[in-house]
Amino acid sequence: MARRGWLSWLLLLVIGVGWWWAGCAPTPPPGDQAGETEAAHTIENKGSDTLVNLALAWAEEYMRIHPEVRISVTGGGSGTGIAAMINGTVDIANASRKMKPEEIAAAEANGIHPVEFIVALDAIAVVVHPSNPVDRLTLQQISDIYTGKITNWSQVGGEDRPIVLLSRESNSGTYMYFLEHVVRLGDKESDLLFSPDTLLMPSSEGISTEVRHNPNAIGYDGLGYVTPDQKVIAVAREPGGPYVLPSVETVNDGSYPISRPLYMYTAGEPTGVIKEYIEWILTDGQALVPELGFVPIAGGSPLSSLSLMSYAP
Amino acid sequence: MHPRRWTEFAIESLIRVLGLSSIGFVLLIFLFLLKEGLPAFLEIPPENLLGTRWYPTFDLFGTLPLILGSLLVTATAISIALPLGVATAVFVREVAPGWARELLKPMIEVLAGIPSVVLGFFGMTVLAPLVRETLDAPTGLTAFTGGLVLAYMALPTIISVAEDALDAVPKSYRDAGLAMGATQWQTIWRVVVPAARSGILTAVMLGMGRAIGETMAVMMVTGNAARMPLTLDSLFRPVRTMTATIAAEMGEVARGSTHYHVLFGIGIILFVITFLLNLIAAGAIFKKRRRGGLR
């Protein structure tokens, strides 16, 4: 008996050491200017979960063209990425919302002057289970659903089922955008909030899993995350219609009501490798954008023009 | 002789330093927690802090739904894991034949090594739909689902510790029980288990500690809706726990903001609850010891 116990401890030890070893894999410090003579330049890129797949696609393509550059991309939410940029642990923060004034103040206090780039456009799709007969909603109805005023699908022309509200966590840029532009209908004076019954899912994957499985659920997420096994709702600004489904065309011509810009932030004016990377994203990199369900920025503007906005300190 | 005494001294002091440093670390962590968390209790008026609305982005820091959420999930987990765990321990220690025990013990130990993310993912994709369909609840991401996953996580701890406690019951107790004409079942239920009571209580407390502190799995299966679990059906509705709140929101907050302090404040509340639980357990064990014997 003791022997068996000993063996299982040994096994655990081996697994544990392996784990530790993997965790200790050398990661060069971000933005290490001193190490630039080495073969690899490293760019740390972190933030919005909405942007993470697109950022990965960009990074992979860019590393293919420029093998001397290494780009590591992680998600975690817009707030997470911005916080990391403020603390100086990443070079580029991805965000699906603008930086908040207090975040800019915190960055300035750290001696960091954030610079903003619009890198793509995104439509937020409202999704339900494929078996749900409801296929169109007005912005007002979506707002009423998410504030808890409408609690049953029969109130919006569906079956007699309770509505289960799904949202991203409050560190998600998608959450803030949806709250301001859909729940509050863009009214700055409004103090409406998500219903306390809203399920806050830690990831996009959490939302799509629940929507796939649960015929009561309604969720929202970036268009790039909508899988074919979810049903996308056509949205109208006014009760009369027109009800519009999100697509590259409807976002570009402005007829789909829930769309927003996606951002990258750098700590100060980008230089060297980071500057080249962002320039590439804003030009050639835009070709990848539609493949991931997002909408390219108009014209693929170069670095110094309209997509570059600098905050005065 | 001399070098040997020297190495002995070195090893002895090394062990002493290591032992003391662990106390030091706990103390430092606690101080850090206080330093970062206490401002929350000063900055935020108590009626906000004890409110029922948790919308940290809008300065509504009602921690009550989170505390109740954690307690509900933990209580559910324990009321599932306790009978199962003790029964398994009794089976492994008292009933199972030798070869089965040899097989079961390492398997239970391996059970404890499953990463909580894996359990959370399993709960999210398999358990949650099952719970929804079986109970006809609006969603499967509920306090009950969280309780199920946590019960599974607390089980290995409860079984191992309870088994050790049963193991420590002297053989003479069992012999005496059987000699008095009691059946094996009666001996186990009336003699062995009561004699191991304090150890079993420790097992439950450790399991409870595991359950209330668990984060990842809970975050994935409880739905994280900060609602007050006061109605009868709350068990089968989503809840948001303290740990999930800290984990989900800590990445976002700006250092030194009110929200940041509140999250550490929740850490303090969690610490106090765990501390009280341990205190109660220790008190109960101490009282039993003093009264002594089987009573």
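Modeller: A residue is buried if 20 or more other C-beta atoms, placed from the backbone, lie within 10 Å of its own, exposed if 12 or fewer do, and partly exposed in between. This is a predicted model, so local features need pLDDT of at least 70 and side-chain atom pairs count only at 80 or more, while totals for chains, interfaces and linings use all residues. Residues are numbered from 1 along each chain as its sequence is written, and chains are lettered from A and ligands numbered from 1 in the order in which they are written.

Biologist: Which residues of helix 9 of chain B are buried?

Modeller: Among them are B:Gly199, B:Ile200, B:Val204, B:Met208 and B:Arg210; helices here are DSSP runs of H or I with at least four residues, strands are runs of E with at least two, and both are numbered from the N terminus.

Biologist: And what length should its 17 residues span?

Modeller: Helix 9 of chain B, residues 197-213, should span 24 Å at 1.5 Å a residue (times one less than the number of residues), and its end C-alpha atoms are 24 Å apart, which agrees.

Biologist: Switching to chain A, how many helices and strands are there?

Modeller: Chain A has nine helices and twelve strands, and 45% of its 313 residues are buried.

Biologist: How many residues does each chain put into the contact?

Modeller: Chain A gives 32 residues and chain B gives 31, where contact needs C-beta atoms, placed from the backbone, within 7 Å.

Biologist: Which parts of chain A supply at least two residues each?

Modeller: On the side of chain A that touches chain B, they include helix 1 (2-23), helix 4 (101-109) and strand 7 (199-201).

Terms used
Contact = placed C-beta atoms within 7 Å.
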